[in-house]
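Grab a pencil and work through these exercises with the structure open beside you. Each task comes with a solution that goes step by step.

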Amino acid sequence: MKINFSLLFYMKKPKNYQRGVAPIYLRITVNGNRSEVTTGRSCEPSRWNARVGRANGSKEEIKTLNTFLDHLQIKVYEAHGLLMEADEMITAETLRNKFQGKTEKCMTLIEVFKDHNLKMESLIGSEFKKGTAERYRTSLKHTIDFLTWKYDLIDIEIKKVDYTFISEYDYYLRSVRKCANNSAVKYLKNFGKIIRICLSNGWLNIDPFLNYKPKIKKVDRVYLNTEEILLMTNKKMATERLTHVRDIFLFCCYTGLSYIDVKNLRGIDIVNGIDGEKWISIKREKTNTPARIPLLPMASALLNRYQENRICLNTGMLFPVLSNQKMNSYLKEIADFCGIDKPITFHIARHTFATTVTLLNGIPIESVSKMLGHTNIQTTQHYAKILDIKVGADMALLKKKYAAI
């Protein structure tokens, strides 16, 4: 990158100046940005030559002053050369500090990352969710492990993070950490926020992500079909614990609620809708966007089962929801018990609602998007598949119209 650099000695008369000597200052300019510093010398204004930045005269004191200014100029050029050799960022400020012998504190990657995470932790509940903070904690851990693996370091200067660093980090996530494509891209996306902080503060000159173009690969979403929902509904569970997990999962299949939203569901969230029927009315925990969902008869029946549940009465919640980890573990057990050969997790209930329960039954995607609490249709399309059976049914109607013609 070309650096436009110049320096100038000039006289700066103090405010309310009347007579006598005036101080001489040095101005350093880099790419149009200035930094000024006093030389500690002064001169009679009548002897100062502003065009050449030196004093006129042959007296010994004038010669001494000009020689001193020459030495200062040489020091600035030397400082400029040292910064270039070290491949350090050159600004009017850094050049002035180098010339004056001031050592500027180098910002380091892990230091900035930890500071970001600390601030994020303090804003959980107001600006950020626990899950977001957890992702950045994991991303920080991966970054620390990568530095140890690749460079045998516990931290690194920000200015040394370049495209090669990003490429090697990407390789580390995919090979050593065994991350799938989308997981690796998401970790680097989190890391990208730290880089943007460094760029904004001037700690980095060039964005190391400039030529890094990762892509999220589309993943086929798993969902339950109508037969599998009925199979799970009618199967008598071996324990009460599995029955509770099955019921909560099915309730989310009929409402589209996420794990955290059903866990936080309270009596005040069930309201009378515009049609006089019972609706769920909440703000989604993840996005804080409103979601209003009419209760289907199957969902209402599941809800009624837990009106007298001891845990629900003690907590004020509508369902006795366990931790997400336990729910997912028990759901795998339930799938095996029911003979469902699919990798079931709790989030599949949301996909099942969008696909099997709503779209397959002719509910417009706009309505599905609103019930899921999405802000745009594109997000809903990740959840909701247009099934071949639905396409076949739609085309059958069209065939009838053409047959009539």
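**Exercise 1: strand partners**

Find the residue in β3 that is the bridge partner of Pro23, then work out how the strands around it are arranged.

*Solution.* Start with the pair itself: Pro23 has Ser42 in β3 as its bridge partner. Keep in mind that you're looking at a predicted model.

Next, zoom out to the strands. β2 and β3 (residues 33-43) pair in the antiparallel sense, with 8 bridges between them. On to β1 (residues 5-11), which pairs with β2 over 7 bridges, again in the antiparallel sense. You can check two spots there: Ser6 stands opposite Thr29 in β2, and Tyr10 has Tyr25 of β2 as its bridge partner.

Now look at the turn. The hairpin of β2 and β3 has 2 residues between the strands, and Asn31 takes a positive phi near 50° in it.

Put it together: the result is an open sheet of 3 strands in the order β1-β2-β3, with antiparallel pairing. β1 and β3 stand at the edges with a single partner strand each, so each has one side without a neighbour in the sheet. On average, neighbouring strands in this sheet are turned by 20° against each other, direction ignored.

**Exercise 2: what covers the sheet**

Which strands does helix α1 touch, and how many residues of β2 are buried?

*Solution.* Take the helix to begin with. α1 (residues 60-85) packs on the sheet and touches β1, β2 and β3, and its direction makes about 155° with that of β1.

Then find α2 (residues 92-100). This helix also lies across β1, β2 and β3, running at about 35° to β3.

Finally, check the cover on β2 (residues 22-30): 7 of its 9 residues are buried, which makes the strand mostly covered.

**Exercise 3: salt bridges**

Here's some background before you start: side chains of opposite charge can pair when their charged atoms come close. How many salt bridges does a search of the whole structure find, and where in the chain do the partners Glu285 and Lys129 sit?

*Solution.* The search turns up 17 salt bridges. Let's look at some of them.

Step one: Glu285 and Lys129 meet through their side chains at 3.9 Å, N to O. This pair links distant parts of the chain, 156 residues apart: Glu285 is in the loop between β7 (278-283) and β8 (290-294), and Lys129 in the loop between α3 (109-122) and α4 (130-151). Glu285 is partly exposed at 32% relative accessibility, and Lys129 is partly exposed at 28%.

Step two: the side chains of Lys150 and Glu168 form a salt bridge at 3.3 Å, N to O. Lys150 belongs to helix α4 and Glu168 to helix α5 (residues 163-175), so this bridge ties together parts 18 residues apart in sequence. Lys150 counts as partly exposed at 37%, as does Glu168 at 24%.

Step three: Lys159 and Glu157 make a salt bridge at 3.4 Å, N to O. Lys159 is partly exposed, with a relative accessible area of 36%, and Glu157 is partly exposed at 24%.

One last thing to spot: Glu121, Glu134 and Arg137 are joined into one network by salt bridges that share partners.

**Exercise 4: two crossing helices**

At roughly what angle do the axes of α8 and α13 cross, and which residues make the contact?

*Solution.* Line up α8 (residues 240-255) with α13 (residues 348-358): their axes come within 7 Å and cross at roughly 40°. The two helices are therefore oblique to each other. The crossing of α8 past α13 is right-handed.

Now go through the contact. From α8 you'll find Phe249, Cys252, Cys253, Tyr254 and Thr255, and from α13 Ile348, Ala349, Thr352, Phe353 and Val357.

**Exercise 5: one threonine**

Is Thr380 buried or exposed? Which residues is Thr380 in contact with, leaving aside its neighbours within four places in sequence?

*Solution.* First, locate Thr380 in helix α15 (residues 377-383). The cut-off for buried is under 20% relative accessible area. Thr380 has a relative accessible area of 0%, so this residue is buried.

Then list the contacts, leaving out neighbours within four places: Ile365, Val368, Ser369, Leu372 and His374.

To finish, try a distance: from C-alpha to C-alpha, Thr380 and Arg246 are 25 Å apart in space, and they are 134 residues apart in sequence.

Terms used
Residues are numbered from 1 along each chain as its sequence is written. This is a predicted model: local features need pLDDT of at least 70, side-chain atom pairs count only at pLDDT 80 or more; totals for chains, interfaces and linings use all residues. Side-chain values use heavy atoms; hydrogens and water are left out. A salt bridge is a side-chain nitrogen of Lys or Arg within 4 Å of a carboxyl oxygen of Asp or Glu. Helices (H or I, at least four residues) and strands (E, at least two) are DSSP runs, numbered from the N terminus. Buried means under 20% relative accessible area, exposed over 50%, partly exposed in between (1.4 Å probe, protein chains only). Two strands pair if DSSP finds at least two bridges between them. Axes are lines fitted to C-alpha atoms, for helices over the stretch in contact, and angles run from 0 to 180 degrees between N-to-C directions. Angles under 35 degrees count as roughly parallel, over 145 as roughly antiparallel, 65 to 115 as roughly perpendicular and the rest as oblique. A crossing is left-handed if the near helix is turned anticlockwise from the far one by less than a right angle, and right-handed if clockwise. Contact means heavy atoms within 4.5 Å.
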